[in-house]
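Q: Please take a close look at one part of this model and follow its packing outward. Which neighbours does it have, and how is it placed among them?

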Amino acid sequence: MPGTLAVLTMTRAHHDALLGQVDGLSVGSVPPDLHVVISMGDRDLTRGRLPLGTDRWRTVVRPVPTDRRALPYAAARNLAAEIAIEEGAQILVFLGGGVLPGPRTLERYVTAATEGAAAAGTSGPVVWSGPMLDLPPVENPAVGYPLRTLHELGRRTPGAPDLAPGQYRRDDRWHLFSPDVFAMSAEDFTAVGGFCPDYTGPGLEAFDFGTVVSGHGGSLVWVGGTEVYRQPEDRLSPEQEVKHALAHTKVWRERWGAEPGSPWLTRLVGEGLLRQDRSGRIAAG
């Protein structure tokens, strides 16, 4: 299936949010050819108990080995990409399980991945990214969000530039990259080797991925008009953040031989949850 578009989703337990994403895909200007959903320890999802199917695209659900104390987001993204590429997908759009696409999000990512390199002035692998807007709690869960007017409800998260549709902007600030929404060609994702699966739980796996892409001469490029909308989700407790931060810092040291220069860790140090000794080494606060 040359030129096919795959949407890749990793999730656990947030069934209403996932079904909302499927609804969002169905009203978009360009539907995917394939939707790969990776179940992270979600028995109902793995056993096909959710109505994810549609006659507009193929849906593939696969489980990934999961420790529920630290979900394997990195490994799940790699598995989703592997499945999609095996099915012939050439454009990969990654969406977190709680993310709703805008009406032309997929269309503009396809244009970027197929035609945008020259306009963006890139020559190596490209991570195409866009702004994310936070949604308030849904008023009526039985009805869901009004998918055609999400732009009236969403609150823009900081960092992403405000671009007109069709505009591109390169950015060296990889700490702004969110793995909850980005696109790559299958060729580029394969070339950089995907995410490091040694990271479990959320944290430095995205910053690490950006470092790898940069090392391959790649770029982060913002794409105008690719807004997505993040449904409310449970936030990590300070204790959970510290646990993930220490585990991820250990993996980073083993991979890169240095301490990670991540704003996330800087914030945790500033809040007293972590500390940094005179050599710069991160430790529990």
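A: Start with a pair of helices. α6 crosses α7, and the crossing is right-handed. The model is predicted. Helix α6 covers residues 205–215 and helix α7 covers residues 238–256; they pack with their axes 10 Å apart, at an angle of about 20 degrees. An angle under 35 degrees counts as roughly parallel. α6 and α7 are therefore roughly parallel to each other.

Which residues touch? From α6 come E205, F207, D208, T211 and V212. From α7 come H248, W252, R255 and W256. By class, the contact of α6 with α7 has four nonpolar, two polar and three charged residues. A general point helps in reading such lists. An α-helix has 3.6 residues a turn, so residues three or four places apart point the same way.

Now take α6 by itself. Eight of its eleven residues are buried, so the helix is largely enclosed by the rest of the structure. The buried set is E205, A206, F207, D208, F209, G210, V212 and V213. E205, F207, D208 and V212 are in this buried set, and they also belong to the contact with α7. What do the buried residues of α6 pack against? The helices are α3 (73–86), α5 (186–192) and α7. The strands are β6 (126–129), β10 and β11 (219–223). After α6 comes G217, with a positive phi near 75 degrees.

F207 has a further neighbour. S262 is in contact with L204 and F207, leaving aside its neighbours within four places in sequence. S262 sits in the loop between α7 and α8 (263–270). Is S262 buried or exposed? Its relative accessible area is 6%. Buried means under 20%, so S262 is buried.

Past that loop, α8 packs on α7 in turn. Their axes are 11 Å apart and make an angle of about 130 degrees. α7 and α8 are therefore oblique to each other. This crossing is left-handed, whereas α6 passes α7 in a right-handed one. The α7 residues are E241, H244, A245 and T249; they meet W264, L265, R267 and L268 of α8. By class, the contact of α7 with α8 has four nonpolar, two polar and two charged residues.

Go back to the strands beside α6. β10, β6 and β11 all appear in an open sheet of eight strands. The order is β3-β2-β1-β4-β10-β6-β11-β9, and the pairing is mixed. At the edges stand β3 (58–63) and β9 (168–171); each has a single partner strand, so one side of each is left without a neighbour in the sheet. On average, neighbouring strands are turned by 25 degrees against each other, direction ignored. Helix α4 (residues 105–120) packs on this sheet. α4 touches β1, β4, β6, β9, β10 and β11, and its direction makes about 135 degrees with that of β6.

β10 leads on to β4. Strand β10 (residues 181–185) and β4 pair in the antiparallel sense over five bridges. On the other side in the sheet order is β1. Strand β1 (residues 4–11) runs parallel to β4, and seven bridges join the two. L92 ties both pairings together in this account. L92 is the bridge partner of A6, and L92 stands opposite M184 in β10. How enclosed is strand β4? Seven of the eight residues of β4 (residues 89–96) are buried, so the strand is largely enclosed by the rest of the structure.

There is another sheet to place. This open sheet has four strands in the order β5-β12-β7-β8, again with mixed pairing. Its edge strands are β5 (99–101) and β8 (155–156), each pairing on one side only. β5 pairs with strand β12 (residues 228–230) in the antiparallel sense, over three bridges. Within this pairing, L100 stands opposite Y229 in β12.

One last residue gives a contrast with S262. R43 lies in helix α2 (residues 43–46). Its relative accessibility is 53%, and it counts as exposed. R43 and R230 are 187 residues apart along the chain, and their C-alpha atoms are separated by 24 Å.

Key. Residues are numbered from 1 along each chain as its sequence is written. This is a predicted model: local features need pLDDT of at least 70, side-chain atom pairs count only at pLDDT 80 or more; totals for chains, interfaces and linings use all residues. Side-chain values use heavy atoms; hydrogens and water are left out. Buried means under 20% relative accessible area, exposed over 50%, partly exposed in between (1.4 Å probe, protein chains only). Two strands pair if DSSP finds at least two bridges between them. Axes are lines fitted to C-alpha atoms, for helices over the stretch in contact, and angles run from 0 to 180 degrees between N-to-C directions. Angles under 35 degrees count as roughly parallel, over 145 as roughly antiparallel, 65 to 115 as roughly perpendicular and the rest as oblique. A crossing is left-handed if the near helix is turned anticlockwise from the far one by less than a right angle, and right-handed if clockwise. Contact means heavy atoms within 4.5 Å. Ala, Val, Leu, Ile, Met, Phe, Trp, Tyr, Cys and Pro count as nonpolar, Asp, Glu, Lys and Arg as charged, and the others, Gly among them, as polar.
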